[in-house]
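Work through the three exercises below with the model open. Try each task before reading its solution.

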Amino acid sequence: MARYGTQFGPDLTFLGVERCDWQDPSTYADADVVILGAPFDGGTSHRPGTRFGPQFIRQSCYLPQDGSRPSLAMRVDGLRDLKVYDAGDVEMYSGDAERSVRDLQHAVHTVTSNGAIPLTLGGDHTIAWPDAAGVAQHLGQGRVSMIHFDAHADTGNITFGSLIGHGQPMRRLIESGALRGDRFLQIGLRGYWPEPDTLNWMAEQGMRSYEMSEIVARGLEECLTEAFAIATDECDGVFLSVDIDVCDPGHAPGTGTPEPGGLTARQLLDSVRRIAYELPVVGADVVEVSPPYDQADITSFLANRVVLETLTGIARRRRDLADGTRWDPRLPLLADRPDHRPASGD
């Protein structure tokens with residue numbers, strides 16, 4: 001089948017990286033990461049519009065679409081130090097959730113089984129179920145842990161008479177055996193959902209959920225360090241799932257179910273970079289960007305940077321593992337560059 005491209009809007013790749021066809025592994029044989037679009041919002045329970053998320057995440061940047069983004073923070077270029085391809089959108093019809101999640105899982109599994117890390121641009125959070133399940137299908141049931149940034153637990157059971165929806169993917173992953181409940185780490189929960197029965201189910205699975213009041217009291221860094229130890233115990237890799245509504249709506253207004261009181265953009269970007277650098281990330285998704293509700297593309301720009309920080313962290317991790325070095329974030333920006341100033345008296 002010919003490459004589908006982007007399902008909505010202009011046919012752009014993420015910041016200008018090379019194209020590939022996920023159905024033809026020869027087109028990404030040397031890939032480290034393959035980006036997939038999942039323009040699906042058929043699981044939305046409140047405000048829709050995330051079907052347009054992949055288009056905006058790909059293009060929201062004030063710099064050229066040239067396939068290069070050298071990071072000031074980590075001194076690597078995640079788009080060039082890694083071999084990154086964009087396979088376009090998986091064709092997903094929001095009116096047929098069952099078909100859409102099946103097709104996305106097939107695409108993610110194909111990419112993973114051919115040696116690349118799948119990074120999926122959502123779409124609503126329904127897509128986390130086929131995303132993580134597709135990775136586990138190749139790496140092994142229960143062998144992948146989850147670090148999940150979200151305002152909401154997404155562990156509901158049946159909504160509007162359906163098992164498929166953006167409030168239920170984490171339950172589906174655990175119930176199916178794809179992921180272990182006791183290797184499921186949630187960061188940033190807050191607000192007034194889920195109800196006690198669902199919280200009881202979560203506790204029975206051994207899930208670890210860091211609500212914002214705990215994060216504020218203990219500090220985000222301490223909570224992340226604890227989560228990392230759990231995520232890497234008896235698992236071969238980590239799946240990173242970022243719902244943009246983990247951030248306060250002041251930092252990410254363009255989302256379907258905004259909940260005040262979340263992380264700042266700075267906290268999210270630092271956390272994602274740290275995860276990608278310190279942990280063996282085997283898959284990722286960035287979801288719930290709803291451009292129709294955005295202001296000045298604030299949310300799309302943030303999601304674009306979440307993707308870049310993920311790629312940057314992976315690139316720096318691979319460089320340091322190869323060189324036997326460890327990145328020091330305290331290093332001044334210009335410390336490792338030659339000083340060309342004339343000597344005193346010259």
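Strands (E, at least two residues) and helices (H or I, at least four) are DSSP runs, numbered from the N terminus. Two strands pair if DSSP finds at least two bridges between them. This is a predicted model: local features need pLDDT of at least 70, side-chain atom pairs count only at pLDDT 80 or more, and totals for chains, interfaces and linings use all residues. Residues are numbered from 1 along each chain as its sequence is written, and side-chain values use heavy atoms, without hydrogens and water.

**Exercise 1.** Find the order of the strands in the open sheet.

Solution. The order is β1-β3-β2-β4-β9-β8-β5-β6-β7, with parallel pairing. The edge strands, β1 (18–19) and β7 (208–211), each pair on one side only. Next, take β1: two bridges join it to β3 (residues 84–89). There, Arg 19 stands opposite Asp 86.

**Exercise 2.** Count the disulfides (cysteine sulfur pairs within 2.5 Å).

Solution. The count is zero. Check Cys 235: the nearest cysteine sulfur, that of Cys 223, is 20 Å away. Cys 235 is buried (under 20% relative accessible area, 1.4 Å probe, protein chains only; exposed is over 50%, partly exposed in between), at 12%. Now Cys 247: its sulfur is 16 Å from the closest cysteine sulfur, in Cys 223, so a bond is ruled out. Cys 247 is buried too, at 2%.

**Exercise 3.** Place Asn 157 and find its side-chain polar contact with Arg 172.

Solution. Asn 157 sits in the loop between β5 (144–149) and α4 (169–176). Its relative accessibility is 33%, so Asn 157 counts as partly exposed. The side chains of Asn 157 and Arg 172 make a polar contact of 2.8 Å. That term means N or O atoms within 3.5 Å, where, within protein, one must be able to donate a hydrogen and the other to accept it, and residues adjacent in sequence count only if both atoms are side-chain atoms.
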